[in-house]
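Colleague: Before I rely on any of the labels attached to this model, I would like to hear how each of them was reached. Could you take me through the reasoning, one term after another?

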Amino acid sequence: MDEVDGVGAGDRGGINALIQVIKLTKTPIICICNDRMNRKLQSLINYCYDLKFNRPSKEAVIRRILLICQAEKLNVDRGTLEKIIESSGMDIR
């Protein structure tokens with residue numbers, strides 16, 4: 001479930017409903033948030049395995065994009081890629 005830190009904006013009981021589903025299901029539920037410290041998530045955190053990801057380095061993103069360009073037979077110069085990657089804040093999506 002993406003954006004669990006946004007649950008509750010105009011919705012009442014969303015986090016509690018999610019906790020009940022997590023308690024009952026045998027199927028793993030992946031909850032994704034941007035603001036791990038959001039107070040709304042405090043009760044949910046007790047039912048989750050907390051896994052943190054770091055933003056990739058610019059060089060790691062460049063290497064990955066170059067591999068994709070090569071596979072797609074695209075010729076993009078490194079300087080252009082660097083500008084695109086920097087403007088996206090190293091967001092690999």
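Modeller: Let me begin with exposure, where buried means under 20% relative accessible area, exposed means over 50%, and partly exposed is anything in between. Please keep in mind throughout that this is a predicted model.

Colleague: Why is M90 called partly exposed?

Modeller: The relative accessible area of M90 is 23%, and because partly exposed covers the range between 20% and 50%, M90 is placed in that class. M90 is found in the segment after helix 4, and its phi is near 60°, a positive value in a residue other than glycine. E3, in the segment before helix 1, also has a phi near 60°, and at 38% relative accessibility E3 counts as partly exposed.

Colleague: What makes such a phi worth pointing out?

Modeller: Most residues other than glycine have a negative phi.

Colleague: How do you know that the chain is more spread out than a compact globule?

Modeller: The chain has four helices and zero strands, and its radius of gyration is 19 Å, whereas the globule rule gives 12 Å for 93 residues, so the chain is more spread out than a compact globule. Along its principal axes the C-alpha trace spans about 50 × 25 × 20 Å, and 17% of the 93 residues count as buried.

Colleague: Which residues make up the largest nonpolar core?

Modeller: That core has eight residues, namely V4, V7, I15, L18, I19, I22, L41 and L44, and its largest share, four residues, comes from helix 1. The name requires buried nonpolar residues joined through side-chain atoms within 4.5 Å. Leaving aside neighbours within four places in sequence, I15 is in contact with V4, V7, K40, L41, S43 and L44.

Colleague: What makes V21 part of a surface patch rather than of a core?

Modeller: V21 is found in helix 1 (residues 14-24), but its relative accessible area is 43%, which makes V21 partly exposed, and because a patch takes residues with over 30% relative accessible area, V21 passes that cut-off with its 43%. Together with M1 and I29, V21 forms a nonpolar patch with about 240 Å² of accessible area.

Colleague: Why is the pair of D50 and R36 called a salt bridge?

Modeller: The closest N and O atoms of D50 and R36 are 2.8 Å apart, and since the rule asks for a side-chain nitrogen of Lys or Arg within 4 Å of a carboxyl oxygen of Asp or Glu, the pair of D50 and R36 qualifies. D50 lies in the loop between helix 2 and helix 3 and R36 in the loop between helix 1 and helix 2, so the pair ties together parts that are 14 residues apart in sequence. By this rule the count comes to six salt bridges.

Colleague: Which residues are linked in a network of salt bridges?

Modeller: The network links K58, E59, R78, E82 and E86. K58 and E86 have their closest N and O atoms 2.5 Å apart, and this pair links distant parts of the chain, with K58 in helix 3 and E86 in helix 4, 28 residues apart. R78 and E82 meet at 3.4 Å, N to O, and because they are four residues apart in helix 4, about one helical turn separates them.

Key: Residues are numbered from 1 along each chain as its sequence is written. This is a predicted model: local features need pLDDT of at least 70, side-chain atom pairs count only at pLDDT 80 or more; totals for chains, interfaces and linings use all residues. Side-chain values use heavy atoms; hydrogens and water are left out. Patches are made of residues with over 30% relative accessible area and no salt bridge: like charges are joined within 9 Å, nonpolar side chains (Val, Leu, Ile, Met, Phe, Trp, Tyr) within 5 Å. Accessible areas come from the Shrake-Rupley method with a 1.4 Å probe; for residues, only the protein chains shown count as cover. Helices (H or I, at least four residues) and strands (E, at least two) are DSSP runs, numbered from the N terminus. Buried means under 20% relative accessible area, exposed over 50%, partly exposed in between (1.4 Å probe, protein chains only). Contact means heavy atoms within 4.5 Å. The radius of gyration is taken over C-alpha atoms; the globule rule is 2.2 Å times the number of residues to the power 0.38.
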